[in-house]
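User: Please take a close look at a single part of this model and describe how its residues are arranged.

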Amino acid sequence: SADPRAPHAIVMPDREMSYAAFLGRVEGCARWLVAEGCLPGEIVGVTIADELTNLTVTLALMVLGVPQVCLPTHDPAPMRESMARRLAVGRIVATRPEHAIAGRALSLATPDALRTPSRLGPLIAMDADPDATAHYFTSSGTTGEPKIIPMSQRLLAMRAGHSNYAPGERQLLLTTVEDFPARSARLRCAYMGRTSVLQRSESSPPEGAQAICARHRVTRLDLGVLQATGLAPDRPSSAPFPAGMKIFASGSRVPARLRDAFAGAGVALYVEYGAREASGISSTYPLDLDPSLETVGPPLPTAELEIVDGDGNPAPRGEIGEIRVRTTAMIHAYHGDPVATARHFKDGWFHPGDLGSLTANGSLCLHGRADDMMNMNGIKIFPAEIERLLEGDPAVRAAAAFALPSSVHGEIPVAAVELHDPATLSVAALLARARERLGVRSPRKIFVVDALPRNATGKILRRELVSLLSQPNVRDE
């Protein structure tokens, strides 16, 4: 149901759309999908870059009870084809003929096609079971082949109900609706009757985030860490954000220097931690209990969190161990992947594969992925401790620590850094500072790269770093 304080469902650079108009558009699309021959139980792949059209088709399929998966236009064709095979997708809904997949029916969602067919009778859901799978999402794929995450309408609605969206919220995200963070947020807005502010339309030129926030009265901006770094108030080209607006950062570790930059400009920056499988886990909103410790906040009321040792026993406060979590809106298995299910879901707990520790106040500190922990001659080295130190240098935009194999030591730590201005950094001085602070746990080499490899949501792809170091534009000292 629409929030009366949020009369618009969609706000775009060139127009605004009320809930009545948007729902009429969704219903018209649903009727078109019926006319196209969408069948109960047939999984539909959605490959549409335009945000408004994508959201319209997504919600129309949910109205009909037809399960769907987003096959993003920015993914290579073989990746889309692989996911279509894994899910036995029967139909592709796209706006461009070149996004067709062989052996699947194609429905082209052109503006003319989406007009309501007048010959159709009452609109009836094909599958009204709220616990049937409505949407197949995928994991980020940073640790191998993406895992498939099934979610029902009931689970999606539950997650929306747990969100901290204020009445009248007007939310902007700078990532495409084809990626999970923006896609799930747009669905939450629709469930809660809030306003989704879209960054662009097909006829509008690109516009800066600060300008969009001011012009469209954005109350909430959700960013990845890379985006937050680019918009930080301490950057020379940064424009001010509107007073009173909340900014949420998530997706990976948020450096203390970045938090301080927003705080120094009087902008509220909150840090969230979650997993696609479990929804929200912790947050510094509305109050950061440990502002000096670079935490992701205490567990949310809907989450139970523990840090466990190698035997699965709860670890004392302050000790680093593996994170496990239970939430009221988590899934309990991956689709068609019993091996990954057994690895990540144990005794009612979800194990995201992250390392963490709890402060005396109960806030969660992240220490990287469990798979990324390095072992040098029996010494455990956590990437996050190296990255925190390197990112403390004003010249370093982002850092990634990882292991190189060693026949003598097992693994040796090294790091790659992405710089704001290469001319301002001495790699030798940075190495010396790391050795002074970290001792034997310091990186043996620091490589300067033009850009760290990242996925579509901004997460660093550590598995690609070793091959990246062989390229000619990489330097080290």
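Analyst: Just after helix α8, G266 adopts a positive phi of about 75° in this predicted model. The helix that precedes G266, α8, spans residues 256-264. Within α8, the buried residues are L258, R259, A261 and F262. These four lie on the same side of α8, because the arc they cover around the axis is only 160°. An α-helix has 3.6 residues a turn, so residues three or four places apart point the same way. The other side of α8 carries D260, A263 and G264, which are exposed; here, exposed denotes a relative accessible area over 50%, whereas buried denotes one under 20%. The cover over the buried residues of α8 includes α7 (225-231), β12 (246-250) and β13 (268-275).

A strand elsewhere in the chain may be described in similar terms. In β9 (residues 170-173), R170 and L172 point one way, while Q171 and L173 point the other way; all of them are buried. Strand β9 pairs in the parallel sense with β10 (residues 195-197) over three bridges, and L172 stands opposite V197 of β10. Together with helix α5 (residues 180-192), β9 and β10 form a right-handed β-α-β unit. Strand β9 also pairs with β11 (residues 220-224), in the parallel sense and over three bridges. In that pairing, L172 is opposite L221 of β11. L172 therefore faces V197 in β10 and L221 in β11, and its side chain points the way that R170 does.

Note on methods: Residues are numbered from 1 along each chain as its sequence is written. This is a predicted model: local features need pLDDT of at least 70, side-chain atom pairs count only at pLDDT 80 or more; totals for chains, interfaces and linings use all residues. Side-chain values use heavy atoms; hydrogens and water are left out. Buried means under 20% relative accessible area, exposed over 50%, partly exposed in between (1.4 Å probe, protein chains only). Helices (H or I, at least four residues) and strands (E, at least two) are DSSP runs, numbered from the N terminus. Two strands pair if DSSP finds at least two bridges between them. A crossover is right-handed if, with the strands pointing away from the viewer, the path from the first strand over the helix to the second runs clockwise. The arc is that of the directions from the helix axis to the C-beta atoms. Contact means heavy atoms within 4.5 Å.
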